[in-house]
Amino acid sequence: MKINIKCFLAIAIVLFFNETINAQYGYGNGYGYGGSAYGRQGSTLPRVETPPSKEEPKTAAQMVDDEMPNIIEAIELNEFESAVLSSVLKKYLQQRIEMRILELPREQMIEGLKKITKKQDEELKAGLPIEKYEAFVAMQKKGVAKTKKETKKKNKKKRKSKD
């Protein structure tokens, strides 16, 4: 019996010290088996969530480019007319944006925007055929969606009358 007790004590002491060594040096911890001998390893740096970045405001060119397909469809422009309209709109939209950035007094802002609109209208009259210019002005008053619907109705009527 003495041999069994000595073996038992020896095994118990080895196991006790083994657990102490594992705890002290990070061996084991339930993660070291079959993988890393050093257990679970993580970053010592705290995880910081980054706040969502603010979207930068669109430029005049981006705004016009986003709307041009709708405008082209609504008033049925060809490539030359759409290029003229796009360049004029970009130019004068940029000027309107710059006016707003200046934060002028209300009276000066209204006067400046009226001048920009007048110049834009003159340039569009010179660059577009009169019926396309009038269609564009009407589209500005009604809105793009309503003008698109009306254009589609006119096209359907034309197709039916041809048949």
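## The turn-off after helix H5

Let's start at Gly143. This residue sits just after H5 and takes a positive phi of about 110 degrees. Keep in mind that what you are looking at is a predicted model.

Now step back into the helix itself. H5 covers residues 130-142, which makes 13 residues. From its first C-alpha to its last, H5 reaches 18 Å, close to the 18 Å expected at 1.5 Å a residue.

## One face of H5 is tucked away

Which residues of H5 are buried? They are Lys132, Tyr133, Phe136 and Met139. Look down the axis of H5 and you'll see these buried residues fall within an arc of 120 degrees, so they line one face of the helix.

There's a handy rule behind patterns like this. An α-helix has 3.6 residues a turn, so residues three or four places apart point the same way. Try it on the buried set: step from Tyr133 to Phe136 and on to Met139.

## Salt bridges: who pairs with whom?

Time to look at charges. Side chains of opposite charge can pair when their charged atoms come close. How many salt bridges does the structure hold? There are four, and here are some of them.

Asp66 pairs up with Lys58, with the closest N and O atoms 2.5 Å apart. Both partners are partly exposed: Asp66 has a relative accessible area of 42%, and Lys58 has 49%.

## Bridges between helices

Right beside Asp66 in the numbering, Asp65 makes a salt bridge to Lys90, and here the closest N and O atoms are 3.1 Å apart. This pair links distant parts of the chain, with Asp65 in helix H2 (residues 60-75) and Lys90 in helix H3 (residues 79-102), 25 residues apart. Asp65 counts as partly exposed at 40% relative accessibility, and Lys90 is partly exposed too, with a relative accessible area of 26%.

Helix H3 also holds Lys91, whose side chain meets that of Glu123 in a salt bridge (3.2 Å, N to O). Where does Glu123 lie? It lies in helix H4 (residues 106-127), so the pair ties together parts that are 32 residues apart in sequence. As for exposure, Lys91 is partly exposed at 40% relative accessibility, while Glu123 is partly exposed with a relative accessible area of 29%.

How values were computed: Residues are numbered from 1 along each chain as its sequence is written. This is a predicted model: local features need pLDDT of at least 70, side-chain atom pairs count only at pLDDT 80 or more; totals for chains, interfaces and linings use all residues. Side-chain values use heavy atoms; hydrogens and water are left out. Helices (H or I, at least four residues) and strands (E, at least two) are DSSP runs, numbered from the N terminus. The expected span of a helix is 1.5 Å times one less than its number of residues. Buried means under 20% relative accessible area, exposed over 50%, partly exposed in between (1.4 Å probe, protein chains only). The arc is that of the directions from the helix axis to the C-beta atoms.
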